[in-house]
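Load the model in your viewer and keep the selection tool at hand. The stops below say what to pick and what is there.

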Amino acid sequence: MTIQRKQLGLGTLSLLVLAMGFAFNFPWGKADFMISHYLFNVLNIPIYSNGTQGLHIPFVVAALFWIPTLWIAQKNRSHYGTSVARNVAAFMLVFCIIGPIITVVDWFVNA
């Protein structure tokens with residue numbers, strides 16, 4: 001009996017893109033260095049929608065990683081790791097969409 005394993009290929013790249021998306025907003029080291037906050041400060045873009053609170057914009061921008069992950073994993077389903085990458089990216093993309101909707105609805109209700 002032989003066990004067939006999924007092959008490595010372009011679809012496996014979806015795991016790397018997924019990991020890059022998590023690394024984008026992950027606090028690194030004792031100083032809690034975040035790549036997203038550093039890039040936003042360099043580009044002079046606010047991190048939160050309302051000063052020091054509100055919508056965390058880098059979390060929404062992380063959708064730039066989740067969408068290609070879904071696309072790559074969907075096109076290459078037979079490659080190693082694509083089902084995990086597709087499911088996790090879809091889960092994170094739902095949060096990137098629902099979070100801002102809840103925040104905007106809250107602004108309208110409490111305005």
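In which strand is Asn50 found? Select the residue: Asn50 is found in strand β1. Keep in mind that this is a predicted model.

**Stop 1: Asn50 and a long ruler**

Colour Asn50 by accessibility. Asn50 counts as partly exposed because its relative accessible area is 47%. Now draw a distance from the C-alpha of Asn50 to the C-alpha of Leu93. The ruler reads 22 Å, for two residues 43 apart in sequence.

**Stop 2: the whole chain**

Zoom out and switch to cartoon. The protein has five helices and two strands. Trace the chain from the N terminus: the elements run α-α-β-β-α-α-α.

Next, the dimensions. Along the principal axes, the C-alpha atoms fill a box of roughly 65 × 35 × 20 Å. The radius of gyration is 17 Å, whereas a compact globule of 111 residues would have one near 13 Å.

Turn on the surface. About 7900 Å² is exposed, and carbon and sulfur atoms supply 69% of that area. Of the 111 residues, 30% count as buried. For a contact map, take pairs at least 6 apart in sequence: 61% of those contacts join residues at least 24 apart.

**Stop 3: helix α1**

Select residues 13–25, which form helix α1. Which residues of α1 are buried? Ser14, Val17, Leu18, Gly21, Phe24 and Asn25 are. Look down the axis. These residues lie on the same side of α1, because they cover an arc of only 115° around the axis.

What covers that side? The cover for the buried residues of α1 includes α2, β2 (53–56), α3 (57–61), α4 and α5.

**Stop 4: Asn25**

Stay in α1 and pick Asn25. Is Asn25 buried or exposed? Asn25 has a relative accessible area of 16%, so it is buried, the cut-off being under 20%.

Show the side chain of Asn25. A polar atom there lies 3.3 Å from the backbone oxygen of Pro58. Now expand the selection to contacts, skipping residues up to four places away in sequence. Asn25 then touches Met34, Ser36, His56, Pro58, Phe59 and Ala62.

**Stop 5: Leu18 and the core**

Move along α1 to Leu18, another of its buried residues. Beyond its neighbours within four places in sequence, Leu18 is in contact with Trp66, Thr69, Ala85, Val88 and Ala89.

Widen the view to the largest nonpolar core, which has 13 residues. Which members touch the most other members? They are Leu18, Ala63, Phe65 and Trp66. Colour the core by element: α1, α4 (63–75) and α5 (82–109) each give two or more residues. The largest share, five residues, comes from α5.

**Stop 6: the loop after α1**

Go to Asp32, in the loop between α1 and α2 (35–42). Check the backbone torsions here. Most residues other than glycine have a negative phi. Asp32 has a positive one, near 55°. At 48% relative accessibility, Asp32 is partly exposed.

**Stop 7: helix α2**

Select α2. Ser36, His37 and Phe40 are its buried residues. Why do they count as being on the same side of α2? The reason is the arc: they cover only 95° around the axis. Show what surrounds them, and you will find that the buried residues of α2 pack against α1, β2 and α3.

Now pick Leu39, also in α2. Leu39 is partly exposed, at 38% relative accessibility. Run a C-alpha ruler from Leu39 to Leu55: 17 Å, for residues 16 apart along the chain.

**Stop 8: Asn44**

Finish just past the helix. α2 is followed by Asn44, in the loop between α2 and β1 (48–50). Which sign does phi of Asn44 have, positive or negative? Phi is positive, about 60°, although Asn44 is not a glycine. Is Asn44 buried or exposed? Asn44 is exposed, with a relative accessible area of 69%.

Definitions and conventions
Residues numbered from 1 in each chain as written. Predicted model: local features only at pLDDT ≥ 70, side-chain atom pairs only at ≥ 80, totals over all residues. Heavy atoms only, no water. Helix = DSSP H or I, 4+ residues; strand = E, 2+ residues; numbered from the N terminus. Buried < 20%, exposed > 50% of the residue type's maximum accessible area, 1.4 Å probe, protein only. Polar contact = N/O pair within 3.5 Å; in protein donor to acceptor, adjacent residues only side chain to side chain. Contact = heavy atoms within 4.5 Å. Core = buried A, V, L, I, M, F, W, Y, C linked by side-chain atoms within 4.5 Å. Arc of directions from axis to C-beta. Rg over C-alpha atoms; globule rule 2.2 N^0.38 Å. Areas by Shrake-Rupley, 256 points an atom, 1.4 Å probe, with all protein chains shown as cover.
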